[in-house]
Amino acid sequence: MNKAEAIQIIDQRQAELDDVNDSIWEYAETAFTEFKSADKLCEVLEKEGFRVERNVADIATAFTGTYGSGRPIIGLLGEFDALSGLSQEAGCPEKKPVVPGGNGHGCGHNCLGTASLAAAIAVKNYLEHNPGVSGTVIYYGCPGEEGGSGKAFMAREGVFKDLDAAITWHPGTTNNVSSGSSLANYQVKYRFYGVASHAAGAPELGRSALDAVELMNVGVQFLREHMIDDARIHYAITDTGGFSPNVVQPYAEVLYLIRSPKNSQVEELYQRVNRIAQGAALMTDTRMEMEFIKGCSNTIPNNVLEAQLYENFKEVGIPHYTPEEHAFAREMLKHYENPDALDGAATTTKAWGKELAEYQKEHGVSINECLLSLQPYDKVGAGSTDVGDVSWNCPTAQIHVVTTAARTPGHSWQFTSCNKTSIAHKGVNCAGKVMGATVIDLINDPSIIERAKKEFEERLDGETYQCPIPKGIKPQAMGPKK
């Protein structure tokens, strides 16, 4: 059986894959609570003959599915966590939550996990029909990407260290091969403890924890002028201490996300933010505690693997859409809060911006039915991903495939709406085939992996992986308090 024949099993399994995709969409489970989603994926892997291991890295919803034997060992990364507050009726172009305030797949991880599963099944099909071929494919069930950095916790425990390469993808509004890097980050919670008192009758007896939070935030605002341009610091006040203005608040809490292009830069900013928090506590005569929640590393790109993904992208071809699907996308565009915003790829490289502008000028803005050119670049993107921690352990590359209408904002109800539609199903099919075909290439041609590893070592330039999450820190389910 050749590569082209092997990946056709994805078409044969399309109905089952659509069921997996849509079931995970409906479960909409947030970081480290994805029990139904993990079970669904594991059931399919077991049915397909994969050796399934659960509770990987002592994380209840992390798992692996392994097929084959010998080297090379290639990983396929799957995600399946949702976001809080993004519940939305599927295929509806107007905002209509299924559960007001409920969870939704506003980043398409239901699609992400399903397409990586499809790719794993295609590689298994190839190995099964070519018993003399040496090679192992491992599907990694990676929970908690959104705000949890599940892969970083897994990397800390050495889960990816034996891989020869890793392949993944992300749903989006364009078809392209990703490159460049991402921002490393730390997420840290700061708690302040004061003394309650009647704010009018005995204010001199009170020590306001809420004042400490506000002073800390002001201090960080002044810090922004004195950090590198690519760094980012965000915060959310997660507990103000109460609802009564006539009480000096004895407790308050703020959650910080600190980002920079390199782990070492994040660590430096983290120490500066810590000192600001300590200063706020001193100014208010309160006590401060901090809790390290999670971190993730910057991404190490690999142009060798990116080129191989692109060749398979061209061979497989991009999804094509019906007039009804284009009409749905155009209707969706009418309900964007910022309809003039561009697709993310358009602002990533000038070449992609030009290609998308030309395509949309000719075909209109509905669904981007085109494959963008291969553009290896070293730009640091504004976002973060725990794929970065995998990329420090082995050569890693990823693609983007259309699952939504053009210009759909990430982490939005519109994204949730699209990712349980025929548009998403077609994207899952395409992504699975491109990734599956690429893994088969890596198994059959050791020279690709040799070149990828050479580039990997050159980019590391002697640095070794140090997980940004200290030992002893355990994954936390993220989301609003109940």
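The following paragraphs describe the nonpolar cores, one pocket, selected buried residues and some backbone features of a predicted model.

The largest nonpolar core comprises 59 residues, of which Leu117, Trp169, Ile399 and Met435 touch the most other members. Helix H5, covering residues 109–129, supplies the largest share of this core, with 12 residues. A second, separate core of 56 residues includes Tyr140, Ala155, Phe292 and Tyr465. Within the largest core, the surroundings of Trp169 may be described in further detail: when residues up to four places away in sequence are not counted, Trp169 touches Cys111, Leu112, Ala115 and Ser116, together with Gln398, Ile399, Val401, Thr403, Gly427, Ala431 and Met435.

Helix H15 spans residues 422–444, and at 1.5 Å a residue its 23 residues should extend over 33 Å, which agrees with the 33 Å that separates its end C-alpha atoms. Of the 23 residues of H15, 20 are buried, so this helix is largely enclosed by the rest of the structure.

The second largest pocket has a volume of about 430 Å³. Its lining is formed by 20 residues, and those closest to the centre of the pocket are Lys262, Asn298, Ile300, Trp392 and Glu463. Two elements, helix H9 (263–284) and helix H16 (446–460), each give two or more residues to this lining. In composition, the lining divides into seven nonpolar, nine polar and four charged residues.

Asn263 is placed in helix H9. With a relative accessible area of 17%, Asn263 falls under the 20% cut-off and is therefore buried. Apart from residues up to four places away in sequence, Asn263 touches Ala184, Tyr186, Cys296, Ser297, Asn298, Gln466 and Pro468; Asn298 is also among the residues closest to the centre of the second largest pocket.

Two further buried residues belong to other helices. Val220, found in helix H8 (residues 209–223), counts as buried at 0% relative accessibility. Leaving aside neighbours within four places in sequence, Val220 is in contact with Ile233, Tyr256, Val273 and Ile276, while a separation of 16 Å lies between its C-alpha atom and that of Arg191, 29 residues apart along the chain. Phe415 lies in helix H14, which covers residues 413–418, and is buried, with a relative accessible area of 5%. The contacts of Phe415, not counting residues up to four places away in sequence, include His105, Gly106, Cys107 and Gly108, as well as Pro171, Gly172, Thr403, Thr404, Thr408, Pro409 and Gly410. Thr403 is also touched by Trp169. Between Phe415 and Gln476, which are 61 residues apart in sequence, the C-alpha to C-alpha distance is 25 Å.

Several backbone features were also identified. Most residues other than glycine have a negative phi, and most peptide bonds are trans. Arg71 and Pro72, however, are joined by a cis peptide bond with an omega of about 5°, and Pro72 lies in the loop between strand S2 (63–69) and strand S3 (73–78). A positive phi of about 55° is found at Asn55, although this residue is not a glycine, and a positive phi of about 60° is found at Ala57, likewise not a glycine. Asn55 lies in the loop between strand S1 (51–54) and S2, and Ala57 is also located in the loop between S1 and S2. Asn55 counts as partly exposed at 41% relative accessibility, and Ala57 is partly exposed with a relative accessible area of 24%.

Definitions and conventions
Residues numbered from 1 in each chain as written. Predicted model: local features only at pLDDT ≥ 70, side-chain atom pairs only at ≥ 80, totals over all residues. Heavy atoms only, no water. 1 Å grid on protein atoms, 1.4 Å probe; cavity = no way out; pocket = protein on both sides within 12 Å on 5 of 7 lines; lining within 4 Å. Points joined across faces, edges and corners; volume = space filled by probe spheres on them. Helix = DSSP H or I, 4+ residues; strand = E, 2+ residues; numbered from the N terminus. Nonpolar A, V, L, I, M, F, W, Y, C, P; charged D, E, K, R; others polar. Core = buried A, V, L, I, M, F, W, Y, C linked by side-chain atoms within 4.5 Å. Buried < 20%, exposed > 50% of the residue type's maximum accessible area, 1.4 Å probe, protein only. Contact = heavy atoms within 4.5 Å. Expected span 1.5 Å × (residues − 1).
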